[in-house]
Amino acid sequence: MLLWLMKIRNVLHKGLFRFIEDDDSSGIQPAIAPKLRLIISFLQDMEQESELRSISSWRSHQLTGDRKGTWSLSVTKNWRLTFKINQSAIEIIDLDYEDYH
């Protein structure tokens with residue numbers, strides 16, 4: 001059985017990009033680095049977007065309005081990972097680390 005894992009095409013947040021590419025946590029809050037690492041690994045290992053709802057503590061949901069189609073995962077009270085999924089290319093696009101408040 002051949003598995004297709006998600007690829008992260010691009011990362012918008014510079015600190016998150018450095019964290020993913022170089023394991024450099026200087027651009028994010030060091031205390032949440034382990035949780036971000038877990039979420040990023042999960043995203044890269046998932047096969048379909050329905051898996052996003054399997055971990056309720058991340059409060060995964062799709063945004064509405066002008067951000068329709070964008071997924072949001074809770075990292076901390078104020079911070080979220082947001083991204084879109086291109087199912088045909090099996091890619092996560094526009095991965096961002098955002099302060100909602």
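So, charges to start with: in this predicted model, the protein has 13 positive and 14 negative charges, and the mean positions of those two sets sit 6 Å apart. On the surface side, the accessible area comes to about 6100 Å², and carbon and sulfur atoms hold 51% of that.

Okay, overall layout. We've got 2 helices and 5 strands, and if you walk along from the N terminus, the order reads β-α-α-β-β-β-β. The C-alpha trace spans about 40 × 30 × 25 Å along its principal axes. What radius of gyration would a compact globule of 101 residues have? That would be near 13 Å, and the protein has 13 Å, so the two agree. Of the 101 residues, 39% count as buried. And if you take the contacts with a separation of 6 or more, 42% of them join residues 24 or more positions apart.

Now to the inside. In soluble globular proteins, nonpolar side chains tend to be buried together. Here, the largest nonpolar core has 26 residues. Which members touch the most others? Those are Leu-16, Leu-36, Leu-43, Leu-52, Leu-81, Phe-83 and Leu-95. As for where the core comes from, at least two residues each are supplied by α1, which is 14–22, α2 at 33–45, β3 at 71–74, β4 at 79–86 and β5 at 91–99. The biggest giver is α2, with 6 residues.

Let me pick two of those core leucines. Leu-95 lies in strand β5, and its relative accessibility is 0%, so Leu-95 counts as buried. Skipping neighbours within four places in sequence, Leu-95 has quite a list of contacts: Ile-8, Asn-10, Val-11, Leu-12, His-13, Leu-16, Ile-20, Ile-40, Leu-43, Leu-81, Thr-82 and Phe-83.

Leu-43 is on that list, so let's turn to Leu-43. Leu-43 and Leu-95 are 52 residues apart along the chain, with 10 Å between their C-alpha atoms. With the same neighbours within four places left aside, Leu-43 is in contact with Met-6, Leu-52, Leu-73, Phe-83, Ile-92 and Leu-95. Phe-83 turns up as a partner of Leu-43 and as a partner of Leu-95.

On to a couple of polar residues. His-13 is in the loop between β1, at 7–8, and α1. Is His-13 buried or exposed? With 18% relative accessibility, His-13 counts as buried; the cut-off for that is under 20%. Beyond four places in sequence, His-13 touches Gly-27, Ile-28, Leu-95, Asp-96 and Tyr-97. One of those, Ile-28, is 15 residues from His-13 in sequence, and the C-alpha to C-alpha distance is 9.6 Å.

Thr-70 is another loop residue, found between β2, which is 61–62, and β3. Thr-70 has 5% relative accessibility, so that one counts as buried too. What does Thr-70 contact, leaving out the neighbours within four places? You get His-61, Gln-62, Leu-63, Thr-82, Phe-83 and Lys-84. So there's Phe-83 again, in contact with Thr-70.

Then the backbone, where two residues are worth pointing at. Arg-59 has a phi near 45°, a positive value in a residue other than glycine. Arg-59 lies in the loop between α2 and β2, and with a relative accessible area of 47%, Arg-59 is partly exposed. Ile-90 also has a positive phi, about 55°, although Ile-90 is not a glycine. You'll find Ile-90 in the loop between β4 and β5.

Last stop, the end of the chain. His-101 lies in the segment after β5, and at 68% relative accessibility His-101 counts as exposed. What does His-101 touch, not counting residues up to four places away in sequence? The answer is Lys-77 and Asn-78. His-101 and Asn-78 are 23 residues apart along the chain, and their C-alpha atoms are separated by 6.0 Å.

If you open the model after this, have a look at two histidines: His-13 counts as buried, and His-101 counts as exposed. Then go to Leu-95, down at 0% relative accessibility, and follow its contacts, including Leu-16, Leu-43, Leu-81 and Phe-83, which are also among the residues that touch the most other members of the core.

Technical notes
Residues numbered from 1 in each chain as written. Predicted model: local features only at pLDDT ≥ 70, side-chain atom pairs only at ≥ 80, totals over all residues. Heavy atoms only, no water. Core = buried A, V, L, I, M, F, W, Y, C linked by side-chain atoms within 4.5 Å. Buried < 20%, exposed > 50% of the residue type's maximum accessible area, 1.4 Å probe, protein only. Helix = DSSP H or I, 4+ residues; strand = E, 2+ residues; numbered from the N terminus. Contact = heavy atoms within 4.5 Å. Rg over C-alpha atoms; globule rule 2.2 N^0.38 Å. Areas by Shrake-Rupley, 256 points an atom, 1.4 Å probe, with all protein chains shown as cover. Lys, Arg positive; Asp, Glu negative; His and termini not counted. Charge placed at Lys NZ, Arg CZ, Asp CG, Glu CD.
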